[in-house]
Amino acid sequence: MKTYNIGVIAGDGIGPEVTHEALKVLHAVKHGFDYNFVEYPYSGAHYLKTKELVPDKVIDEWKTLDAILLGAIGHPAVEVGLVERSVILGLRFGLDLYINLRPIKLYAENLCPLKGKTPKDIDIAVVRENTEGEYAQIGGILKKGMPDEVATSTSIYTRVGVERTIRYAFELARSRAKVNNKPGHLTLVDKANAIRPQEIWTRVFAEVGKEYPDIQQDHAYVDAFAMLMIQQPESYDTIVTTNLYGDILTDLGATLQGGIGIAASANLHPGKTSMFEPIHGSAPDIAGQGIACPLAAILAAGMALDYLGEQDAAQRIESSVAHLLASGRIPALDSKSGLNTSQMGDMVVEQIRM
Ligand code: IPM
Ligand code: MG
């Protein structure tokens, strides 16, 4: 029997609460395979206690696992971004997880804040480049606090980084076309009119696009795209974009799905150890109350199984969540649902067992 070695970084705030539910669901869905979970303490809370960030040797250890689940990182008493950069960006850069795949999928009409949009209108896959752009950490501050202080931040777009992301997105558009039995469609989102170096995206997209004549190809500037996503989400299928634009657009996308509590993501290096996380943060304002929505963490665990090749199990997780939402048994993603974190997790487990 196949046993998957899975790292678990539950993290801060609501991270451990939602991760607990995701693990319950993973146990419920296993059939013909098993897991060996390895827990890691890295978080803001751990840093406050020990001053420890993620050591390099742990990054090497992570590379030997099959997958990693991350809850959420961020603690109000720790310097802004310090632990996020160590853990989240440490994983993305350290494991070269160059794809951040973020589905924007509406499971029930009542969850969508837009008038008249139904699940068939909102099903977008965002492919966010995940190791370059503004996140490359190239820059700094000179003469801090002085009148002539200078702050710089350099965006990096490498040929290799752009091409592998665009290629992945074309392949994804093609496989989605097959599954959904409709023509493939990929949209490049950038800001190459104002930020000319982003023209590398335009060029590589056109070049790689020649290998995918079956995929309809178009382009939008990110400002217009933010509007179009709201006006006509049904016009889009697969999106490929830069690191920062992908970050911003997927919070907007989460709202289209009903809220940040259901938006899941996969940080991938195809063929190598990859990391799966809800896109929400640690939500210190609601931590410890048992009211966080665990569906994003649960769906992220499903994405991990899909990545590991356990498509049946992955499909059972997603369809159970979809069923609970579409049937109204989970009527909302926030406290209006009248359900707490563990009740929602239990309902998904029960649905899986039916
Ligand atoms: C995300 C988050 C992270 C990001 C932060 C916490 C570093 O917002 O995963 O979307 O900016 O990528
Ligand atoms: Mg974000």
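Visitor: By class, how many nonpolar, polar and charged residues are in the shell around ligand 1?

Guide: Keep in mind that this is a predicted model. Sorting a shell by class is a quick first read of a site. Here the shell has four charged residues, two nonpolar ones and no polar ones.

Visitor: OK, and which residues are around ligand 1?

Guide: The list runs Ile-88, Arg-92, Arg-102, Arg-128, Tyr-135 and Asp-247. Don't be thrown by Tyr-135: tyrosine counts as nonpolar in this scheme.

Visitor: Which side chain has an N or O atom 2.6 Å from an oxygen atom of ligand 1?

Guide: For polar contacts, look for N or O pairs within 3.5 Å. The 2.6 Å pair belongs to Tyr-135, through its side chain. Arg-102 also has a side-chain N or O atom 2.9 Å from a ligand oxygen, and for Asp-247 a polar side-chain atom sits 2.8 Å from an oxygen of ligand 1.

Visitor: What share of ligand 1 does the protein bury?

Guide: Start from the ligand by itself, then add the protein as cover. Alone, ligand 1 exposes 320 Å², and the protein buries 75% of that area. As for location, ligand 1 takes up the space of the second largest pocket.

Visitor: Zooming out, how many helices and strands does the chain have?

Guide: You'll find 11 helices and 12 strands. The C-alpha trace spans about 55 × 55 × 40 Å along its principal axes.

Visitor: And what does the radius of gyration say about the chain?

Guide: Compare it with what a globule of that length should give. A compact globule of 354 residues would come out near 20 Å, and the chain has 20 Å, so the two agree.

Technical notes
Residues numbered from 1 in each chain as written. Chains lettered and ligands numbered in written order. Predicted model: local features only at pLDDT ≥ 70, side-chain atom pairs only at ≥ 80, totals over all residues. Heavy atoms only, no water. Near = heavy atom within 4 Å. Polar contact = N/O pair within 3.5 Å; in protein donor to acceptor, adjacent residues only side chain to side chain. Areas by Shrake-Rupley, 256 points an atom, 1.4 Å probe, with all protein chains shown as cover. 1 Å grid on protein atoms, 1.4 Å probe; cavity = no way out; pocket = protein on both sides within 12 Å on 5 of 7 lines; lining within 4 Å. Sits in = over half its atoms within 2 Å of the grid points. Helix = DSSP H or I, 4+ residues; strand = E, 2+ residues; numbered from the N terminus. Rg over C-alpha atoms; globule rule 2.2 N^0.38 Å.
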